[in-house]
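Subject: the structure, and what turned up in it

Hi,

Here is the structure I promised to pass on. Have a look at it first, then read my notes below with the viewer open.

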Amino acid sequence: MTRAMTMTEDREKLGLSLCPFCGGAARFGKCAPGEQEGENDGAEYVECCDCGASTCLVFPLMDSAKQVLRDMWNRRPDDRKTPNAKLNGAEPSGGASV
Ligand SMILES: [Zn+2]
């Protein structure tokens with residue numbers, strides 16, 4: 001009967017892995033109406049609290065957006081089209097002899 005109410009318990013409830021980029025905590029976010037262009041109203045996403053990395057927007061069609069997002073986030077975003085890491089970081093430039 002040890003039931004510890006800790007901060008991590010809350011995080012586990014969300015089921016989000018730590019940020020694949022910086023290891024920070026992730027959280028769910030939602031586009032509030034009026035904040036952006038109207039077309040994103042109500043869309044949800046997961047973002048890193050530290051570096052701001054985020055999934056793409058998902059619209060809660062059957063109020064299961066969080067599951068989809070969690071899946072997306074936990075699967076690591078480099079499966080999808082993130083034009084940063086792989087394309088640019090491929091070339092190990094460091095040995096230019098002068
Ligand atoms: Zn991060």
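Start with Trp 73, which sits in helix α2. Keep in mind as you look that this is a predicted model. Is Trp 73 buried or exposed? Trp 73 counts as buried, because 25 other C-beta atoms lie within 10 Å of its own, and the cut-off for buried is 20 or more. If you leave out residues up to four places away in sequence, Trp 73 touches Leu 16, Ser 17, Ala 26, Val 46 and Thr 55. Try finding Pro 20 too: Pro 20 and Trp 73 are 53 residues apart in sequence, yet 8.7 Å apart in space, going from C-alpha to C-alpha.

Now for the rest of helix α2, which covers residues 65–74. Its buried residues are Ala 65, Leu 69 and Trp 73. Looking down the axis of α2, you'll see that these buried residues fall within an arc of 60 degrees, so they line one face of the helix. What covers them? Strands β1 and β2 are part of that cover.

Val 68 belongs to α2 as well. This residue is partly exposed, because it has 17 other C-beta atoms within 10 Å, where a buried residue would need 20 or more. Between the C-alpha atoms of Val 68 and Glu 44 there are 10.0 Å, and the two are 24 residues apart along the chain.

On to the core. Which residues make up the largest nonpolar core? There are seven: Cys 19, Ala 26, Val 46, Cys 48, Ala 65, Leu 69 and Trp 73. Both β2 (44–48) and α2 supply at least two residues each, and α2 gives the largest share, with three. As a bit of background, nonpolar side chains in soluble globular proteins tend to be buried together.

One of the core residues, Ala 26, is a good one to click on. Setting aside neighbours within four places in sequence, Ala 26 is in contact with Leu 16, Leu 18, Cys 19, Val 46, Glu 47, Cys 48, Cys 49 and Trp 73.

Next, the loop between α1 (7–14) and β1 (26–30), where you'll find Ala 25. Ala 25 is partly exposed, because it has 16 C-beta neighbours inside 10 Å. Its C-alpha is 9.6 Å from that of Cys 51, and the pair are 26 residues apart in sequence.

Phe 21 is in the loop between α1 and β1 too. With 17 C-beta neighbours inside 10 Å, Phe 21 also comes out as partly exposed. Not counting residues up to four places away in sequence, Phe 21 touches Cys 48, Cys 51 and Ala 53. Gly 52 is 31 residues from Phe 21 along the chain, with 9.8 Å between their C-alpha atoms.

Time to zoom out. The chain has three helices and two strands, and they come in the order α-β-β-α-α along the sequence. How much of the chain is buried? Of its 98 residues, 8% count as buried. Taking the contacts between residues at least 6 apart in sequence, 36% join residues at least 24 apart.

Last thing: how far the predictor backs its own model. The mean pLDDT of the chain is 75, and 58% of the residues reach 70 or more. Where is confidence highest, and where is it lowest? Strand β2 has the highest, at 94, while helix α3 (residues 85–89) has the lowest, at a mean of 44. Over residues 85–91 pLDDT stays under 50, and the model has two contacts beyond four places in sequence for that stretch.

Shout if anything here is unclear!

Cheers

Technical notes:
Residues are numbered from 1 along each chain as its sequence is written. This is a predicted model: local features need pLDDT of at least 70, side-chain atom pairs count only at pLDDT 80 or more; totals for chains, interfaces and linings use all residues. Helices (H or I, at least four residues) and strands (E, at least two) are DSSP runs, numbered from the N terminus. A residue is buried if 20 or more other C-beta atoms lie within 10 Å of its own, exposed if 12 or fewer, and partly exposed in between; C-beta atoms are placed from the backbone. Two residues are in contact if their C-beta atoms, placed from the backbone, lie within 7 Å. A nonpolar core is a set of buried Ala, Val, Leu, Ile, Met, Phe, Trp, Tyr and Cys residues joined through C-beta atoms within 7 Å. The arc is that of the directions from the helix axis to the C-beta atoms. pLDDT is the predictor's confidence in each residue, from 0 to 100.
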